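Trainee: Please pick one part of this model and look at it closely. What surrounds it, and how does that part relate to the rest?

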Amino acid sequence: MGVLEKIQGASARAASRAKQAEPRLPLNEIIKGDCIAVMAALPDKCVDMIFADPPYNLQLGGDLHRPDGSQVDAVDDEWDKFDSLAVYDRFTRAWLKEAHRILKDDGTIWVIGSYHNIFRVGTALQDQGFWILNDIIWRKANPMPNFKGTRFTNAHETMIWCSKAEKAKYTFNYRTMKALNDDIQMRSDWSLPICSGGERLKDDDGRKAHPTQKPESLLYRVMLACTEPGDLVLDPFFGTGTTGAVARRLHRRWIGIEREDAYIKVASERIEATLPLDESAMLSIPEKKAVPRVAFGLLVESGLIPPGTMLTDAKRRWRAWVRADGVLGSECGASGSIHGLGAKLQDAPSCNGWSFWHVEIESGLEPIDAVRQRHLTQMGD
């Protein structure tokens, strides 16, 4: 055996030993237990992104009723109750310490909360060594009213996005976010509807399966922003599994931590029923676009025009399919926004993609602008 063969053989054996020594991660699994204890059992620097929706510590006193006398299904579960702010702060620091340890050096963490807790969480994040990149305002397109009329309607929540350290080389898919927003630089205020309708999971009694279930469109945007297919996303407060469902849809691996059996059951069934996107829908090559009243990417995020949908012009001369970030791919190999690709295919200086592209319905073809108008109507209801 030559020297080269010996070196190659030794390298292969070393790689095999290293692989065997790697701890097994519970990939694509829901781990029942306390999030701090479960994270403590995970190895250092093993996850690419953490999305955390911790207890808000709402400290609600008494029942809340609508003007018609019906009771609001509010957050009054035991997992959201803490004896004092000091106890809540200790809990927050403890789970963030483990989160910092298991996050890769180039990974990021997202924490969402309301005015009840997000400022305390922000301080704990900075104290732990995380570097704040943005605070994202999720402006709810259809918030719950303030029934008592004693305050402003609470119409937003805040997400804090952090890298592991100030100089960390984190992932940010800037072009994908720009494409998702019709080629306009995405801002830090996101207008998305709350989870409702068919997306809102119910228990056997017809009540909300979880009081703070987040919409998939929110997680869709978060994961597209700072992860790649194959990355590992961890959610220490898994709830009904929105993070896992979106991760599976976008070909990300995931780990969920949850201590409530009822939530684990609902989340498992939900994720099992989620179909991953076709690989062709995962590609993105953004082009210049015009600005409509509603970004086409919002319709994609909301599932009104899901990735993989085939679009055509009114005369069926050209066909294109929708990708995960709202970019269209065509059979001739060209790609771009609804406006940019339409202009390119027609060799025209510009194109109104909303009227040019159509989607197939039972009665024939419908312009995608009709879908946009229905969305606007629903947001105004």
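Mentor: A residue is called buried under 20% relative accessible area, exposed over 50%, and partly exposed in between, using a 1.4 Å probe and protein chains only. By that cut-off, 48% of the 381 residues count as buried. The model is predicted, so local features need pLDDT of at least 70 and side-chain atom pairs 80 or more, while totals for chains, interfaces and linings use all residues. Numbering starts from 1 along each chain as its sequence is written, and side-chain values use heavy atoms, without hydrogens or water.

The part I would pick is helix α7, residues 242–249. Helices (H or I, at least four residues) and strands (E, at least two) are DSSP runs, numbered from the N terminus. The protein has 12 helices and 14 strands by this count. Of the 8 residues in α7, 7 are buried, so the helix is largely enclosed by the rest of the structure. The buried ones are T242, T243, G244, A245, V246, A247 and R249. Just after the helix, H251 has a positive phi of about 65°.

What encloses α7? Contact here means heavy atoms within 4.5 Å. The buried residues of α7 pack against three strands and three helices: β2 (47–52), β7 (232–235), β8 (253–258), α6 (216–226), α8 (261–272) and α9 (296–301). For the protein as a whole, among contacts with a separation of 6 or more, 70% join residues 24 or more positions apart.

The strands that α7 touches, β2, β7 and β8, belong to one open sheet of 8 strands, ordered β1-β8-β7-β2-β3-β5-β4-β6, with mixed pairing. Its edge strands, β1 (29–32) and β6 (189–192), each pair on one side only. From one strand to the next, the twist averages 20°. Strands pair if DSSP finds at least two bridges between them.

Take the pairs one by one. β7 runs parallel to β8, with 4 bridges between them, and L232 of β7 has R253 as its bridge partner in β8. On the other pairing of β7, 2 bridges link the strand to β2, again in the parallel sense, with M49 and V233 as bridge partners. β2 is in turn joined in parallel to β3 (residues 103–113) by 5 bridges, and F51 stands opposite W110 there.

The side chains of β7 can be followed individually. In a regular strand, side chains alternate between the two faces of the sheet. In β7, L232 and L234 point one way, V233 and D235 the other, and all four are buried.

Two of the helices that α7 packs against, α6 and α8, also lie on this sheet. Axes are lines fitted to C-alpha atoms, for helices over the stretch in contact, and angles run from 0 to 180 degrees between N-to-C directions. α6 lies across β2, β3, β4 (131–140), β5 (156–163), β6 and β7, at about 140° to β6. α8 packs on the sheet against β1 and β8, with its direction at about 175° to that of β1.

For context, turn to the other sheet. That open sheet has 6 strands in the order β12-β11-β10-β9-β13-β14, with antiparallel pairing. The edge strands β12 (335–336) and β14 (364–367) each have a single partner, so one side of each is left without a neighbour in the sheet. Within it, 3 bridges join β9 (residues 310–313) to the antiparallel strand β10 (residues 319–322), and L311 stands opposite A320. Helix α10 (residues 338–346) packs on this sheet and touches β10, β11 (328–330), β12 and β13 (357–361), its direction making about 25° with that of β11.

H358 sits in β13 and has 9% relative accessibility, so the residue counts as buried. Beyond its neighbours within four places in sequence, H358 contacts M310, L311, T312, D313 and A314, together with L365, E366, P367 and I368.

One last check concerns cysteines. The structure holds 0 disulfides (a disulfide being a pair of cysteine sulfur atoms within 2.5 Å). C35 is buried at 6% relative accessible area, and C351 is buried at 16%.

To return to the chosen part: α7 is a helix with 7 of its 8 residues buried, and its buried residues pack against β2, β7 and β8 as well as α6, α8 and α9.
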